[in-house]
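Work through the exercises below with the sequence and the structure at hand. Try each task before reading its solution.

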Amino acid sequence: MRARRILIMAEMHGRDLLRRHGAMCLLVALPFSFYFASTDDGPGAAASGGVALAFAVSGAALFSVLSSRAADQRLILSGYRPFEMLLGRLLFLGPLALSIAAVFSFTMAPLSSPARPWVMVLGVAVVALQSVPLGLAVGSAVPRELEGTLVLIGVVGVQLATRLNSVGSKVLPFYGPRELLEASLSHQGAIARPLVLTCFYGVALLIAARLFVWRRVKVARHEPLLLARTATSAAQATRHFAPRNERVARSELGRIAPPTRRAPRHRARPARRTRV
């Protein structure tokens, strides 16, 4: 693993993703619209708006994976490893997610006035970081952007629609961040357990993304020694059987087409001399 390759991957994915100005603006505006639409709920809008931030970050990670599939095949053939490509994406998407989370949390803090603002900022940051491996895993598993977008809408939408204590909410990846956001609304609430659960889900999603990438860009490699031995044995066999093959070929050609007789050469007779 080389650090230069990881930096190159991060730079190239950053350039490709930042060129999509319209898509990035829509992705960032989507969680803000969720938050402002739920401001009638009072401080509880911070919890739903913080979870809605997953749309922006996971969508950016999804587009980053799907837009570079053709380039990934060529990079693997040129010597890059799937783990280096995954670390390169994380190196760019992680700071991007934290920057979006900072803007989002500083917007919600004065409007929602949570009891513990620092817990709310921590919950929004955890949502952003959890969204990166989710987008990478979904982008590595689905073939096109439409299917990936529908999967993200389903996961985040069900997380927002279900209650916090329901079974469906506990099995989804944003249960820990949502519990942190709910805990920020009061002076009591667990912090360590949601963080550990979030780390567990994040590692599991990264492993899934790594496996899906390896399955998609897997290259069958052969040992050079085995190829050399095979080529040497083939050359020796060719030299050993070459004379016999030539004799067989000549005998077969003789049966099919007998040798043609040469036409006799006629010598020119000297002209007769006439006596005068």
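**Exercise 1. Aromatic pairs**

Task: State how many aromatic pairs the structure holds, and classify the pair of Phe32 and Phe36.

Solution. The model is a predicted one, and six aromatic pairs are found in the structure. For Phe32 and Phe36, start with the distance: the ring centres are 6.4 Å apart, and the cut-off for a pair is 6.5 Å. Next take the angle: the planes stand at 20 degrees, and planes under 30 degrees apart count as stacked. The pair of Phe32 and Phe36 is therefore stacked.

Now place the two residues in the chain. Both belong to helix α2, which covers residues 21–37. Phe32 and Phe36 are about one helical turn apart, because four residues separate them in this helix.

**Exercise 2. Buried or exposed**

Task: Decide whether Phe32 and Phe36 are buried, partly exposed or exposed.

Solution. The limits are under 20% relative accessible area for buried and over 50% for exposed. Phe32 has a relative accessible area of 17%, so Phe32 is buried. Phe36 has 46%, so Phe36 is partly exposed.

**Exercise 3. A second partner for Phe32**

Task: Classify the ring pair of Phe32 and Phe104, and say which helices it links.

Solution. The centres of these two rings lie 4.7 Å apart. Their planes are at 75 degrees, so the pair is edge-to-face; the limit for this class is over 60 degrees. Phe32 lies in helix α2 and Phe104 in helix α5 (residues 82–112). With their positions 72 residues apart, the pair links distant parts of the chain. Phe104 has a relative accessibility of 0%, so Phe104 is buried. Ring pairs also bring in Tyr35: together, Phe32, Tyr35, Phe36 and Phe104 form a cluster.

**Exercise 4. The largest pocket**

Task: Describe the volume and the lining of the largest pocket.

Solution. Begin with the volume, which is about 270 Å³. The lining consists of 14 residues, and Val126, Leu129, Gln130, Thr198 and Gly202 are the closest to the pocket centre. Then look at the helices: α5, α6 (117–141) and α10 (192–216) each give at least two residues to the lining. Last, sort the lining by type: ten residues are nonpolar, four are polar and none is charged.

**Exercise 5. The largest nonpolar core**

Task: Find which helix gives the most residues to the largest nonpolar core.

Solution. This core has 48 residues, and Leu17, Leu53, Leu93 and Leu136 have the most contacts inside it. At least two core residues come from each of α1 (3–18), α2, α3 (45–66), α5, α6, α7 (145–161) and α10. Among the contributors, α3 gives the most, with 16 residues.

**Exercise 6. A loop residue**

Task: Locate Ser38 and decide whether Ser38 is buried or exposed.

Solution. Ser38 sits in the loop between α2 and α3. The relative accessible area of Ser38 is 12%, so Ser38 is buried. Ser48 lies ten residues from Ser38 along the chain, and the C-alpha atoms of the two are 7.7 Å apart.

**Exercise 7. The whole chain**

Task: Count the helices and strands, and give the buried share of the chain.

Solution. The secondary structure comprises eleven helices and zero strands. The chain has 276 residues, of which 39% count as buried.

Key. Residues are numbered from 1 along each chain as its sequence is written. This is a predicted model: local features need pLDDT of at least 70, side-chain atom pairs count only at pLDDT 80 or more; totals for chains, interfaces and linings use all residues. Side-chain values use heavy atoms; hydrogens and water are left out. Buried means under 20% relative accessible area, exposed over 50%, partly exposed in between (1.4 Å probe, protein chains only). On a 1 Å grid over the protein atoms alone, a cavity is a set of points where a 1.4 Å probe fits but cannot get out, and a pocket is an open set with protein on both sides within 12 Å along at least five of seven lines; lining residues have an atom within 4 Å of a point. Grid points are joined across faces, edges and corners, and a volume is the space filled by probe spheres set on the points. Ala, Val, Leu, Ile, Met, Phe, Trp, Tyr, Cys and Pro count as nonpolar, Asp, Glu, Lys and Arg as charged, and the others, Gly among them, as polar. A nonpolar core is a set of buried Ala, Val, Leu, Ile, Met, Phe, Trp, Tyr and Cys residues joined through side-chain atoms within 4.5 Å.
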